[in-house]
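Reader: I have a chain on screen and a few things to settle before going to the bench. Can we go through it in short turns?

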Amino acid sequence: MSALPETQNVAYQVWQLMFVSPSGRKRIMVSDAAKLGYSFNNTLSRVYLRAPYHSNESDVSTVSGVNMNMVTSTSMYRQRWLLLLIDTTVSCPVDGTSFTDTTLTWTVPSVIPTLVVQESTFLSKNILMGVDGQVIVNPEEKNYLLEHNKTHIGITIPIGAEGGKLKSSVSGGVYGVIYSIDLFLEHTWTDADWQTTKYTVIKSITTPFMPQIPTVINTTLPEERLFNVAFGHFLPDVSLVTVAIGNVPFTPREAQHQGFKIYETPFSNRTKGFILEVSFDDPHVLKEYVNRNETKYTLLVNYTVSVGPEMTLYYHAAEVECVVADIEIPEAVGHCDEENLYLAIPTFGLHHYWNLYLGNKLLNQHVAITNGYLPATNSTHLILQIPLFSVGVVYEDVSFQKIKARFDVALRKVRTMETLQMFSISCNFNSSAFIICHPDGTIMVSAQMKTVPAIDMSKTKLRDSSCKPREYNEGHAFFKFHVTTCGTSVRFEGDYIIYENEISYEKEILPGQSIWKITRDPDYRLTVLCYYRAKETLVLGAFASDPSTSPLFGSGTMVPRSNTAVYRRIRQALNVVSRVSKGKSPPKKIKTFLNTF
């Protein structure tokens with residue numbers, strides 16, 4: 001380079017460049033090289049050549065696993081007797097970068113053969129790294145890693161580290177980030193051909209698109225009945241555009257006016273998130289009755305955010321649920337009077353969470369009135385008045401002048417029909433006259449016989465004279481028999497099967513000689529009728545049973561007959577209708593729930 005002072009005032013266009021490539025040698029003037037994208041200049045102490053990557057005069061070779069783009073050239077200056085030749089060969093790495101989820105690594109060969117002719121004389125003197133044009137004296141303080149051995153020099157940078165830039169991006173509808181950093185490597189060595197070589201490489205590295213699916217962090221506070229949802233993590237170049245709650249979009253300002261809270265919150269890793277607070281009781285929140293006494297609150301959210309300087313829109317949907325035990329299962333209370341059973345059932349939640357069922361039939365106002373119940377409501381309760389001899393009453397025990405009756409209604413979920421409770425009232429009644437036609441074909445009759453003169457109730461009987469009363473007193477007789485016994489007859493009328501028997505009195509004949517037999521007893525007969533629907537099947541042993549599956553009780557009628565009109569007037573007919581279901585007897589204490597009316 002000692003000749004340079006003599007030539008520094010000569011225009012650089014006088015220089016020539018000779019390129020050596022696989023296609024051969026090429027010599028061109030510097031002025032022509034500029035047209036090919038090359039840049040050449042000289043100063044007092046150096047010659048400067050800048051060559052584009054992948055030019056026609058360049059070549060690519062692999063050095064220690066790294067692809068290098070090389071331009072083998074000689075700069076020549078000829079003037080009179082002087083010929084100046086300067087080796088201006090350049091070799092730069094075109095790859096050598098690798099990435100993990102958390103780091104990027106740049107690798108450069110320690111020894112570049114085109115720059116070191118005699119590798120045996122190669123001696124590395126100093127290796128420095130820098131970021132954004134600034135030398136980093138202590139890389140470890142910034143969590144950078146500079147490593148080198150005989151074959152490679154490596155720089156490893158944590159993605160997101162200081163000195164680089166993170167940028168949000170959207171690719172294929174997916175949110176992610178891109179990290180870029182400007183690194184440089186300076187390697188100083190000596191060899192036999194050159195006293196000192198300072199090899200500097202500047203490398204701008206950009207990571208591939210790295211998807212970072214935002215997360216929804218549910219920090220809901222059930223005790224405060226408040227959804228608290230964090231949506232992140234985002235870089236500072238992301239802003240919230242709209243948030244749709246229950247499919248209704250709101251800008252952040254509109255959401256605030258609606259009563260929602262939306263605000264940004266910083267995270268520890270220099271990212272941020274968006275906090276959304278919505279009350280459980282907001283009409284945009286979905287509510288579902290689940291399990292036994294719980295409500296599942298569901299918040300449907302769809303976020304729209306603006307990403308990066310390009311302001312690309314990104315959409316993210318989320319569904320947040322919270323189950324709270326905030327429903328109180330109602331409790332019913334009951335009582336009885338001389339002729340009725342009463343159930344008082346809270347009306348809260350009726351039809352919304354649950355319904356009342358009588359067996360498998362929905363207990364609504366029409367069914368209640370049809371069955372002979374008297375429903376009434378106040379601000380808090382439904383009160384059912386159930387006559388003793390009405391449909392749905394279960395007769396647990398029947399004896400002489402005594403009936404133990406029970407009435408059950410089931411509380412079932414509206415959607416699943418699952419039974420939650422059984423509401424039940426059971427009472428003992430004193431009844432002087434009744435007839436009960438059981439689903440299993442058993443007939444129970446308590447007959448009140450008012451005659452003048454009075455008759456001996458122990459002498460009453462059914463058609464089969466062996467069928468005597470089970471119990472009796474001066475004015476009543478109690479019979480219990482099956483439709484297949486005691487001379488019971490059967491006939492069909494329309495949709496009904498009618499079973500008939502008769503209670504009569506064995507007359508006492510007074511002794512006498514007349515052909516006419518003398519008796520002091522009245523002529524008294526009481527016809528007993530039980531009506532069953534022809535489509536119902538009698539089930540043996542279904543006396544006290546589960547009301548959800550039972551067949552119907554029949555309806556019964558007692559018709560007195562006498563040859564004395566006055567006796568007919570004072571005798572009364574009794575008509576009874578009731579219903580139970582088949583199966584095993586339910587427990588003594590049953591809780592259930594009713595329909596509102």
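Reader: In what order do the four strands that include 28 and 32 form an open sheet?

Author: This is a predicted model. Four strands make up this open sheet, and the pairing is antiparallel. The order is 28-29-33-32.

Reader: Why is one side of strand 28 left without a neighbour in that sheet?

Author: Strand 28 (333-336) stands at an edge of the sheet, and strand 32 stands at an edge too. From one strand to the next, the twist averages 15°. Strand 28 lacks a neighbour on one side because it has a single partner strand.

Reader: Which residue in strand 29 stands opposite glycine 334?

Author: Strand 28 pairs with strand 29 (residues 340-346) in the antiparallel sense. Four bridges hold that pairing. Opposite glycine 334 stands leucine 343.

Reader: Where is asparagine 371 placed?

Author: Helix 4 covers 365-370, and strand 32 covers 374-377. Asparagine 371 lies in the loop between helix 4 and strand 32.

Reader: Is asparagine 371 buried or exposed?

Author: Buried means under 20% relative accessible area. Asparagine 371 has 11% relative accessibility. Therefore asparagine 371 counts as buried.

Reader: With which residue does the side chain of asparagine 371 make a polar contact?

Author: Set aside the neighbours within four places in sequence, and asparagine 371 is in contact with Leu358, Ser390 and Val391. The polar contact is a side chain to side chain one, at 3.5 Å. The partner of asparagine 371 is tyrosine 373.

Reader: How many salt bridges does the structure hold?

Author: One of them joins lysine 26 and glutamate 57. Another pairs arginine 406 with aspartate 408. The total for the structure is 17.

Reader: How many residues apart are lysine 26 and glutamate 57?

Author: Lysine 26 forms a salt bridge with glutamate 57, with 2.8 Å between the closest N and O atoms. This pair links distant parts of the chain. Lysine 26 is in strand 2 (residues 24-29), while glutamate 57 is in the loop between strand 4 (47-50) and strand 5 (59-63). Their separation is 31 residues.

Reader: What relative accessible area does glutamate 57 have?

Author: Its partner lysine 26 is partly exposed, at 35%. Glutamate 57 is buried. The relative accessible area of glutamate 57 is 5%.

Reader: Are arginine 406 and aspartate 408 buried or exposed?

Author: These two form a salt bridge, the closest N and O atoms being 2.7 Å apart. The cut-off for buried is under 20% relative accessible area. Both arginine 406 and aspartate 408 are buried.

Reader: With which residue does glutamate 493 form a salt bridge?

Author: Glutamate 493 is partly exposed, at 42% relative accessible area. Its partner also counts as partly exposed, at 32%. The closest N and O atoms are 3.0 Å apart, and the partner is arginine 491.

Reader: Which residues are linked in a network of salt bridges?

Author: A network goes beyond the pairs discussed so far. Its members are Glu288, Lys296, Glu321 and Arg415.

Reader: How many residues lie between strand 35 and strand 36 in their hairpin?

Author: Strand 35 (residues 402-413) and strand 36 (residues 419-429) run antiparallel, joined by ten bridges. Alanine 405 stands opposite cysteine 427 in strand 36. In the turn, methionine 417 has a positive phi of about 65°. The residues between the two strands number five.

Reader: And how many residues separate strand 13 from strand 14 in their hairpin?

Author: Strand 13 (residues 145-148) runs antiparallel to strand 14 (residues 152-158), with four bridges joining them. Leucine 146 stands opposite isoleucine 155 in strand 14. Between the two strands of the hairpin, the count is three.

Reader: What does the twist average in the sheet 19-20-24-23?

Author: That sheet is open, with antiparallel pairing. Strand 19 (215-218) and strand 23 (261-266) stand at its edges. From one strand to the next, the twist averages 25°.

Reader: Which residue in strand 24 stands opposite leucine 226?

Author: Strand 20 (residues 226-234) and strand 24 (residues 272-279) run antiparallel, joined by eight bridges. Opposite leucine 226 stands serine 279.

Reader: Last one. How many helices and strands does the chain have?

Author: The chain has 597 residues, and 45% of them count as buried. Its secondary structure comes to five helices and 49 strands.

How values were computed. Residues numbered from 1 in each chain as written. Predicted model: local features only at pLDDT ≥ 70, side-chain atom pairs only at ≥ 80, totals over all residues. Heavy atoms only, no water. Buried < 20%, exposed > 50% of the residue type's maximum accessible area, 1.4 Å probe, protein only. Polar contact = N/O pair within 3.5 Å; in protein donor to acceptor, adjacent residues only side chain to side chain. Contact = heavy atoms within 4.5 Å. Salt bridge = Lys/Arg side-chain N within 4 Å of Asp/Glu carboxyl O. Pairing = 2+ DSSP bridges. Axes fitted to C-alpha atoms, helices over the stretch in contact; angles between N-to-C directions.
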